[in-house]
Each structure stands twice: as C-alpha cells, then as structure tokens.
Amino acid sequence: MRVNAREHQIQAYYRALFQAWGPQHWWPAQSRFEVIVGAYLTQNTAWMNVEKALANLRVARLLSVRAIRRASLAQLERLIRPAGYFRQKAKRLKLFVAFLDDRYEGSLAKLFARPTETLREELLNLHGVGPETADSILLYAGNHPVFVVDAYTRRILARHRILPETTDYEEIRELFEKALIPLEEAVAGPGETQHQASAAGFPGAAHPPSAMSTAKRTALAQVYNEMHGLVVGVGKNYCKRREPVCEECPLCAYLPSKKPKV
C-alpha cells in the first residue's frame, strides 16, 4: 500500500470511529502525575489492574510527587501489587521522582516545558521507560503532540494489511502523526461538545470525563489523544487477539476482504 493511501486510510478510520463513538475521555486521571503513574503501572498488564493499584494509592494519598518521594519502597510495592511486576514498577516510580527532583526541581511544569524531542530522549533514557510509556507521558500528561503506538495499533494495522505487526515503532508513530495532522483544524477542544452520544450505542473505550481528559490542550494533541483512545476501543472490544468480532466493528468495511475486487 502506498504511503499516501495509508495516510488516507488512517484519516478514514479516525472519522469512522469518532462518528460511531465520539470523545473517549482518555486518559482517565485527576492530575498529570496520576497519568505518569498510570503509564508506568499499565506496562504488561490490563487497565483494570491498574485501576485497582491507583485506587490503593488514592486511598493512601500517594498520588503526588511529594508523596511518592516520601513513601517507602515496601509501602509502594504493597499498594501497587494488583498491577503486577510491583517491585520493578515501584523502583521505576521512585527513579522517575528522583529524575524529576534532580533535573527539574520536582516540577512537572518545568519538565513539560522542555521541547518534545529533547524531553522524549530524556524519558527514554530512564530505566524501564520504552517508547509507548514515554509517549503516553508526553501526550496525556504533558500535552505534547505525539501519537502513542500500542499492541492494539499494530494488530489493527496488520489485519487491515496497512503495515506488518512487526513494523518498527517509530515508523508507525510517524505514519499516524503525519496522517492525522490534516484533521487538526476539524477537531473541537476537549471542553466542547464534539459528539453527545455514541451513534452505534457503544462508547468504544470511553471513560467518564475526568480532570485530565477534559483539560485544555492543543488541537493536534487532541487528535492524537482521541485516535489512540478510539484504537484502544477497537482492540479491546472487536479486534481481539484470538477471536476478532469484525462484523460488529465500525472498521469492518475497511477490511481487505470487504473491498470490491477490480
């Protein structure tokens, strides 16, 4: 498939999914630091497990930079245990706070004021931070216009014969970012009503509005935000790893098997 054709297809997917489901209010969090904690916790686990761990941290009042800094490693491990790999993740959260203290005086505002590429490189140099985690922090906590690529993205691209599932992360990210730029002007801000209800009666991966999902952000970051949430909705509910439910998916018409032969 030619590059331009790929870009047009990604644009068509965005329009079809947004028309079907509307805003996804992703990432569900009450603060930028909660987004960062969630980005670490969601590594190699389901979001429902992350929510349990976040609930524990919330009850213990440990969802702030200051609180994580003061908490013992043992306490942190115990609270985030539902998210799995709790020892590794507790150490990584401590390392992030130490990095923030060392380079940015503990200030998220100073951290996110850095240029996108510079900050992305710094995050990727942190132990336990890969491209997906770094980009989630940049986009959802920092309002930096980067697209987050996950396993759902790869699966959908492969099944629609756009790119192989083994395609390099950066190539996929570049494709989505370039494809979605033309949609920037057509997207309303997160505080505006873009779509009141799901036309298909199902909200994809939608969550109730939260402080972070409704926070002010640039139009381009909003496009990337919505597209990732919509892709998650497809992957979780239709483009499943073992038993896909293609006929009910809003992207069914775009499958290669559904296209008329010429």
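Guide: Accessible areas here come from the Shrake-Rupley method with a 1.4 Å probe. The model is predicted. By that method, the protein chain exposes about 12900 Å².

Visitor: What share of that area do carbon and sulfur atoms supply?
Guide: They supply 51% of it.

Visitor: How many of the residues count as buried, and what makes a residue buried?
Guide: Buried means under 20% relative accessible area. Of 262 residues, 52% count as buried.

Visitor: Which elements does the chain have, and what makes a run a helix?
Guide: A helix is a DSSP run of H or I with at least four residues. The protein chain has 12 helices and zero strands. One of them, α1, spans 3-21, so that run clears the four-residue cut-off.

Visitor: What makes something a cavity, and how many of 30 Å³ or more are there?
Guide: In a cavity, a 1.4 Å probe fits but cannot get out. The structure holds two of 30 Å³ or more. The largest has a volume of about 90 Å³. The second largest has about 60 Å³ of space.

Visitor: Why is one residue in the lining of the largest cavity called charged?
Guide: Asp, Glu, Lys and Arg count as charged. Arg159 is among the lining residues, so Arg159 is the charged one. His160 also lines this cavity. His counts as polar because it is in neither the nonpolar nor the charged list. The lining also has 10 nonpolar residues.

Visitor: How do you know which class Thr153, in the lining of the second largest cavity, belongs to?
Guide: Thr is in neither the nonpolar nor the charged list, so Thr153 counts as polar. That lining has nine nonpolar, one polar and no charged residues.

Technical notes
Residues numbered from 1 in each chain as written. Predicted model: local features only at pLDDT ≥ 70, side-chain atom pairs only at ≥ 80, totals over all residues. Heavy atoms only, no water. Helix = DSSP H or I, 4+ residues; strand = E, 2+ residues; numbered from the N terminus. Buried < 20%, exposed > 50% of the residue type's maximum accessible area, 1.4 Å probe, protein only. 1 Å grid on protein atoms, 1.4 Å probe; cavity = no way out; pocket = protein on both sides within 12 Å on 5 of 7 lines; lining within 4 Å. Points joined across faces, edges and corners; volume = space filled by probe spheres on them.
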